[in-house]
Protein chains: 2
Amino acid sequence: MLIELDFQSDIPIYMQLVHAIIEGIATGELKPGDKLPPVRTLAADLGVNMLTVNKAYQHLKQLGFIQIHRKKGAVINSEEIRKADDKFYKRLFASLRPLAMESVCRHLTKSQFLTLCSEIFEEIELKGGKC
Amino acid sequence: MLIELDFQSDIPIYMQLVHAIIEGIATGELKPGDKLPPVRTLAADLGVNMLTVNKAYQHLKQLGFIQIHRKKGAVINSEEIRKADDKFYKRLFASLRPLAMESVCRHLTKSQFLTLCSEIFEEIELKGGKC
DNA sequence: TTATTTGTTATACTATATGTATAACAATAA
DNA sequence: TTATTGTTATACATATAGTATAACAAATAA
């Protein structure tokens with residue numbers, strides 16, 4: 001799995017890592033039971049500190065996407081465990097709201113906004129994700 | 001215009017302010033030419049520091065939503081100035097992507113995601129916004 | 001011209017977040 | 001037992017967020 005980091009981005013490195021791995025799960029590249037690389041290995045590969053990778057893994061664990069065992073390492077969770085719950089809906093809604101608001105201010109129609117969203121989902125389908 | 005802040009939120013206060021004002025513009029509550037309160041006044045009303053409000057105004061100016069004059073204060077820009085440009089599309093896309101990815105991981109279908117977005121736009125329309 | 005309003009800037013301080021660098025600790029599978 | 005792996009601790013640097021005060025600067029209105 002190829003992970004590209006943008007060290008100039010205002011998005012923290014550990015968050016970019018979280019996003020990359022979630023994208024891997026969404027597209028089916030990472031399947032339940034798959035192992036993530038050891039923190040030391042991934043840190044070396046990406047040229048970042050071990051603790052940065054560890055922070056990303058902890059975050060993914062918190063979100064329910066992986067389980068972490070000593071020695072076994074980080075493993076992708078089963079699909080059941082990561083189902084959308086009320087907490088997620090609230091977070092999703094709270095994230096989408098300001099984006100929609102600014103879009104309306106900038107004269108994007110509802111239709112244009114939905115089309116943009118559709119494009120993202122089509123990209124996921126193209127890579128093998130089911131949605 | 002009523003602005004409610006959540007001091008416990010992980011979203012910075014100045015950013016919550018930015019969102020609130022953008023929402024006001026989206027719904028039509030704030031129209032081109034309308035004045036925002038002086039930084040001191042708004043800061044006092046909200047119980048935050050003057051510089052926090054100033055930061056929000058600077059951010060809104062940067063985004064093209066307001067103009068700031070000495071003495072006259074902050075004024076909502078004309079609709080033309082805040083049209084969506086390539087920079088905004090990129091930002092919007094970059095923000096939507098991880099949300100869509102995580103949604104797919106949590107078994108939201110494309111259709112469910114689009115419905116959720118639609119609800120937000122309907123809320124905007126209900127409040128008088130055009131989209 | 002003068003006074004007032006308003007945004008702007010400067011300084012200082014606190015707390016938190018992000019990231020690096022090292023090193024040691026602890027569990028567990030082989 | 002040993003090697004691997006996650007975990008934790010320290011220390012450090014930098015940036016962000018927010019508060020508190022105060023002074024500066026422009027522009028409008030009297």
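Trainee: Is A:Glu122 buried, partly exposed or exposed, and what is its relative accessible area?

Mentor: In this predicted model, the classes depend on cut-offs: buried means under 20% relative accessible area and exposed over 50%, with partly exposed in between. A:Glu122 belongs to helix α5 (residues 110-126) of chain A. The residue is partly exposed, with a relative accessible area of 41%.

Trainee: Which residue forms a salt bridge with A:Glu122, and in which helix does that partner lie?

Mentor: The N to O distance of the pair is 3.4 Å, and a salt bridge requires the nitrogen to be within 4 Å of the carboxyl oxygen. The pair crosses between chains, and the partner lies in helix α5 of chain B. The residue that meets A:Glu122 is B:Lys110.

Trainee: Why does the salt bridge of A:Arg97 and B:Glu123 join two chains?

Mentor: Side chains of opposite charge can pair when their charged atoms come close. The side chains of A:Arg97 and B:Glu123 meet at 2.5 Å, N to O. A:Arg97 is part of helix α4 (residues 86-105) of chain A, while B:Glu123 is part of helix α5 (residues 110-126) of chain B, so the pair joins two chains.

Trainee: Is B:Arg97 buried or exposed, and what is its relative accessible area?

Mentor: B:Arg97 forms a salt bridge with A:Glu123, with the closest N and O atoms 2.5 Å apart. This pair also crosses between chains, from helix α4 (residues 86-105) of chain B to helix α5 of chain A. A:Glu123 counts as partly exposed at 21% relative accessibility. Since the cut-off for buried is under 20%, B:Arg97 is buried, with a relative accessible area of 18%.

Trainee: Which residues are joined with B:Arg97 into one network of salt bridges?

Mentor: The network arises from salt bridges that share partners. B:Arg97 has a salt bridge with A:Glu123. The residues joined with B:Arg97 are A:Glu23, A:Glu123 and A:Lys127.

Trainee: Which residues does B:Glu23 touch, not counting residues up to four places away in sequence?

Mentor: B:Glu23 is located in helix α1 (residues 13-26) of chain B. Its C-alpha atom is separated by 19 Å from that of B:Thr52, 29 residues apart along the chain. The residues that B:Glu23 touches are A:Arg97, A:Met101, B:Glu123 and B:Lys127.

Trainee: How many salt bridges are counted between chain B and chain A?

Mentor: The count over all chains comes to 16 salt bridges. One pair across the two chains is B:Glu102 with A:Arg91, the closest N and O atoms being 2.6 Å apart. Between chain B and chain A the count is 8.

Trainee: What area do chain B and chain A bury between them?

Mentor: In terms of contacts, 46 residues of chain B meet 46 residues of chain A. B:Arg106, B:Lys110 and B:Phe121 supply 15% of the area that chain B buries against chain A, more than any other three residues. Carbon and sulfur atoms carry 72% of the buried area, which is about 4,900 Å².

Trainee: Which element gives the most to the lining of the second largest pocket?

Mentor: This pocket holds about 370 Å³ of space. Of its 16 lining residues, those closest to the centre are A:Pro38, A:Val39, A:His69, A:Gly73 and A:Ala74. The lining divides into 7 nonpolar, 4 polar and 5 charged residues. With 3 residues, the element that gives the most is α3(A).

Definitions and conventions: Residues numbered from 1 in each chain as written. Chains lettered and ligands numbered in written order. Predicted model: local features only at pLDDT ≥ 70, side-chain atom pairs only at ≥ 80, totals over all residues. Heavy atoms only, no water. Helix = DSSP H or I, 4+ residues; strand = E, 2+ residues; numbered from the N terminus. Buried < 20%, exposed > 50% of the residue type's maximum accessible area, 1.4 Å probe, protein only. 1 Å grid on protein atoms, 1.4 Å probe; cavity = no way out; pocket = protein on both sides within 12 Å on 5 of 7 lines; lining within 4 Å. Points joined across faces, edges and corners; volume = space filled by probe spheres on them. Nonpolar A, V, L, I, M, F, W, Y, C, P; charged D, E, K, R; others polar. Contact = heavy atoms within 4.5 Å. Buried area = accessible area lost by both parts, 1.4 Å probe.
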